[in-house]
Amino acid sequence: MRAVTTAHDLDVTPTPLALLLLGREADPKSERGVDCPGDLPAPSDPDLVARARAAKEKLGDKVFVLGHHYQRDEVIQFADVTGDSFKLAQQAAARPEAEYIVFCGVHFMAESADILTTDDQRVVLPDLAAGCSMADMATAEQVAECWDVLTEAGIADAVVPVSYMNSSADIKAFTGKHGGTICTSSNAKRALEWAFEQGEKVLFLPDQHLGRNTAVRDMGMSLDDCVLYNPHKPNGGLTAEQLRDAKMILWRGHCSVHGRFSLDSVNDVRERIPGVNVLVHPECKHEVVESADYVGSTEYIIKALDAAPAGSKWAIGTELNLVRRLAKQHPDKEVVFLDKTVCFCSTMNRIDLPHLVWALESLADGKLINQISVDRETEDFAKLALERMLALP
Ligand code: SF4
């Protein structure tokens, strides 16, 4: 299981060893069970920073390193650009001169970058075991089975799939094939508005919380308009009548990081820090989002902190690497993590300095490792869904 420390530890700079252990430990609930064999440098090598710098310099414009906001600082320092998953995929597409895109993020993000970049560009994920528990909660087979259930209930023609960016290329392709669109946590409302102009119902994949929060908070639907499709139960655990009555069919997936925040976390922090502003990501549970003062995507959270006045107090419900970085960047404000226990994304944390050094040095030696490549048919349909998102008003 993932290492857990207390909130008290947040005030203390973690030892490199603690971080490395965190990234290396297995979390069977959120990892894909993929191995990443390779001749990795030792984490204790004192020259890792110099080695990464030298390899990157040798590669020059041939390499472009992307760093997701949730990555460790030891990796982020080598990123040419930082951002959320969609911004990073767009940035990769805007660099056709870069032969290699080294994606410091998770598997579905590297797939999206491969879909949006040219055929000549190669996307590399420094650790193949860096998956995403949420994306893995919806497989192509399960979603195809769900579509059969909707067809049998006589409603498939009225359903428009909307898939969160945090999904595999297969799910994006399914979405494109069935007339749907992709969304991010910033444009989920616009995506749902568009979808309800195309059909009467939405199948929202794979994050139930983003789907529910957007439907209820932003679109004025009631909780009763939403049903939860459980891929592990026959017919999703729903009757044909329930499916026919629903407006939002939510896939039973969630983020194992944001799903940990609870109403108790919010009540607790309000008691501990009077006057605190609670700011959470929409991947959090509905009751957490309802009890927060502000809700928004990772980019929204960063901008909210930039705009906040000195002396203001913030409890943030998102991944811990980002919250720590924000606390460092805003010493004039009190920035704390929303929960008492540490909540890293263990799969994101798999990308550490030894993996980055290994990837960069291999590329500098002319050896392509850990390439993420999406097949042509999947890519074409997934691109269709992504282009619909880009065309959203
Ligand atoms: S934070 Fe959640 S959604 Fe993002 S990569 Fe980690 S498990 Fe997936």
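Which residues are buried in α5? The views below come from a predicted model, and the first one takes up this question.

**View 1. Helix α5 is mostly covered.** Helix α5 spans residues 107-116. Ten of its ten residues are buried. They are H107, F108, M109, A110, E111, S112, A113, D114, I115 and L116. What do the buried residues of α5 pack against? Strands come into it: β1 (63-68), β3 (100-104) and β4 (122-124). Helices do too: α4 (85-93), α7 and α16.

**View 2. Five strands form an open sheet.** Read the strand order as β6-β5-β7-β9-β8. The pairing is parallel. Strands β6 (181-183) and β8 (226-229) are the edges. Each edge strand pairs on one side only. From one strand to the next, the twist averages 25°.

**View 3. Strands β5 and β7 pair in parallel.** Here the view moves in on part of the open sheet. Strand β5 covers residues 159-164, and strand β7 covers residues 201-205. Five bridges link the two strands. Take V160 as a landmark: its bridge partner in β7 is V202.

**View 4. Helices α7 and α16 lie across strands of the sheet.** Helix α7 is made of residues 169-177. It lies across β5, β6 and β7. Its direction is at about 150° to β5. Helix α16 is made of residues 376-390. This helix lies across β5 and β6. It runs at about 65° to β6. Both α7 and α16 also appear in View 1, where buried residues of α5 pack against them.

**View 5. Strands β12 and β13 run parallel.** Strand β12 holds residues 313-317, and four bridges join it to β13. K313 stands opposite E334 in β13. How does the chain get from β12 to β13? It passes through helix α14 (residues 320-329). This β-α-β crossover is right-handed.

**View 6. Side chains alternate along strand β13.** The strand covers residues 334-337. V335 and F337 point to one face, and they are buried. E334 and V336 point to the other face, and they are not buried. E334 is also the residue that K313 stands opposite in View 5.

**View 7. A shell of 14 residues lies around the ligand.** Which residues come nearest? They are C132, M134, C255, V257 and C345. Now sort the shell by class. Eight residues are nonpolar, five are polar and one is charged.

Technical notes: Residues numbered from 1 in each chain as written. Predicted model: local features only at pLDDT ≥ 70, side-chain atom pairs only at ≥ 80, totals over all residues. Buried ≥ 20, exposed ≤ 12 C-beta atoms within 10 Å, placed from the backbone. Pairing = 2+ DSSP bridges. Right-handed = clockwise from strand over helix to strand, strands pointing away. Near = placed C-beta within 6 Å. Nonpolar A, V, L, I, M, F, W, Y, C, P; charged D, E, K, R; others polar. Axes fitted to C-alpha atoms, helices over the stretch in contact; angles between N-to-C directions. Contact = placed C-beta atoms within 7 Å.
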